Amino acid sequence: MLPVSGYAVFAEAKGLVYREMSFTLEDLDRLSSQSPGWLDVRARLWVALDERLHGMVLNGVPADSASWSLRPRFNVLLDVERGQDFICEFISGLLKKADKGSLLLDFKGDPDKVLAFLAAPDLVAKRALDHAARHTRVGMVGMPRDKARAPRITSIDSREGASEDLVDRSGREVTDASVVGRIPIEIEWDPDNGVDARVRMAALQCWLRLDDAQIGLELLRRDLKDAIRHEPDVDPWDHLGMHHARARVRLLDAIEKIGRTIHETPGMHERTRAGHDGRRVSLEVDLLLCPLDRESIQDLLELPSSQAAYKQLSRYRKSFPELFPGLQAHLQGQEVQA
C-alpha cells in the first residue's frame, strides 16, 4: 500500500508510473467489501487519482516539476506547492472513506467511470475553493460593497470556477449531477414589467451563475441574445463567455496579489491590512455579482462610450439589495453551516 504521506517521493517518479489505469467490477467489490487484495486496489486507486488530479490542477510535464504551474481554474490555490497539498488532501479524504468501506456506497456506474465519479471536475474545483478559503481567506466575503454590511462565507462554490467547457451553446452552464452545493444567484424581478436596464445588467453579469429556477429565465435569455452585440460569425454566448473568462482571470489575479501581499508582510500595520481586506471584499463581490468591467459592458452592449457603461454599472451596483434580496440570507446561512 502506498500511503498518502509518500506523496513527495512518489511525485519524483510520476513520469515512470503514469499510464491509463482501469478498474474492474471485481476490483471495486473487493475495495468495498475489504476482501483479500483490497489494499492493492486501494494503492492503484491512489495512483490513478493522483494522475487524474495532477492533470486537472497542474500544467506541465508530470516528470518535470520545474515545468509545473497551476491551471487557470485553480489559481485560487496561489502556487504549485499549495496545489500539491490540495491534491494530497483530496486523495487522503477519499482514501479515509475507502478505509471505512464507504467510498463507493453511492456509485452505481460502470467501473471505468469510477474516477470521474470520485473526482469530477466541478467537485474538485469546489474542494479547491474550500481549501483556498481555509488557507488564504479567498472566497465570498460579502455581497454589499460596504464592508460593515458584508455577510461572510467560507468559500465560493464550484460554479465560480466554471470554464468554457462547462458552458453550452445556449450560454448556460451544463448541469452536472456531481456538483455538490451551489450559491444560487436569483434576480428579483417581475417579468410582467419587462426587462429594464438594471435587470438586463444583472442577467449579463450573473448569466453563468443564475439559478435554474430563475423567474423569467427564458425571457432573460431572449433579451440578452438580442442585446449582446457581436460579429456576424460569432455566437453571442461564446462572445459573452469570452468576456466572463477574461474577467475571472483579472479578478482572481487581483485577489491573489492582495493575498500574497498580506501573507508576505506579517508585520503589516492593522490599518493597512484593513485597507487591503476592504479591497479584497470589493473584488470578491465583483467576482460573484459584477465581474464584467466597463470595457466589457461597452463592447457587449455596443455603448457609445466608457462613461455610458460606467453609469449603467453604477446604477446596477446601487440596486444590489433590490435585485438580490435573498442572497445575503443564503450566504449567512452557509456560514452557520460551515
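Analyst: A residue counts as buried under 20% relative accessible area, as exposed over 50% and as partly exposed in between, with a 1.4 Å probe and protein chains only. This structure is a predicted model, in which local features need pLDDT of at least 70 and side-chain atom pairs count only at pLDDT 80 or more, while totals for chains, interfaces and linings use all residues. Residues are numbered from 1 along each chain as its sequence is written, and side-chain values use heavy atoms, with hydrogens and water left out.

User: Why is Cys290 called buried or exposed, whichever it is?

Analyst: Cys290 has a relative accessible area of 2%, and because the limit for buried is under 20%, Cys290 is called buried. Cys206 is also placed among the buried residues, with a relative accessibility of 0%.

User: How do you know whether Cys206 is in a disulfide?

Analyst: A disulfide needs a pair of cysteine sulfur atoms within 2.5 Å. The structure holds 0 disulfides, and for Cys206 the nearest cysteine sulfur, that of Cys290, is 8.1 Å away. Seen from the other side, the closest cysteine sulfur to that of Cys290 is in Cys206, at 8.1 Å, and this is too far for a bond.

User: What makes Asp27 and Arg44 a salt bridge?

Analyst: The rule asks for a side-chain nitrogen of Lys or Arg within 4 Å of a carboxyl oxygen of Asp or Glu. In this pair the closest N and O atoms are 3.3 Å apart, so the rule is met and Asp27 and Arg44 form a salt bridge. Asp27 lies in helix 3 (residues 25-33) and Arg44 in helix 4 (residues 38-57), so the salt bridge ties together parts that are 17 residues apart in sequence; helices here are DSSP runs of H or I with at least four residues, numbered from the N terminus. Asp27 is buried at 9% relative accessibility, whereas Arg44, at 29%, is partly exposed. Asp27 and Arg44 also belong to a network of salt bridges together with Arg30.

User: Why is the link between Asp27 and Arg44 also called a polar contact?

Analyst: A polar contact is a pair of N or O atoms within 3.5 Å, where, within protein, one must be able to donate a hydrogen and the other to accept it, and residues adjacent in sequence count only if both atoms are side-chain atoms. The side chains of Asp27 and Arg44 are joined at 3.3 Å, so their link falls inside that limit and carries this name too. When neighbours within four places in sequence are left aside, Asp27 is in contact (heavy atoms within 4.5 Å) with Val41 and Arg44.

User: How many salt bridges does the rule give, and what makes Arg222 and Glu218 one of them?

Analyst: The count comes to 12 salt bridges. The side chains of Arg222 and Glu218 meet at 3.9 Å, N to O, and since the limit is 4 Å, the pair is a salt bridge. Arg222 and Glu218 are 4 residues apart in helix 9 (residues 217-227), which separates them by about one helical turn. Arg222 is partly exposed at 41%, and Glu218 is partly exposed at 40%.

User: What makes Arg250 and Asp293 a salt bridge, and which parts of the chain does the pair tie together?

Analyst: Their side chains meet at 3.7 Å, N to O, so the pair satisfies the 4 Å rule for a salt bridge. Arg250 lies in helix 10 (residues 236-263) and Asp293 in the loop between helix 11 (270-289) and helix 12 (294-301), so the pair ties together parts that are 43 residues apart in sequence. Arg250 has a relative accessible area of 36% and is partly exposed, and Asp293, at 24%, counts as partly exposed as well.

User: Why is Pro236 called buried or exposed, whichever it is, and where is it found?

Analyst: Pro236 is found in helix 10, and its relative accessible area of 9% makes it buried. Leaving aside neighbours within four places in sequence, Pro236 is in contact with Lys225, Ile228 and His230. The C-alpha atoms of Pro236 and Lys225 are 6.5 Å apart in space, although these residues are 11 apart in sequence.

Notes. Helices (H or I, at least four residues) and strands (E, at least two) are DSSP runs, numbered from the N terminus.
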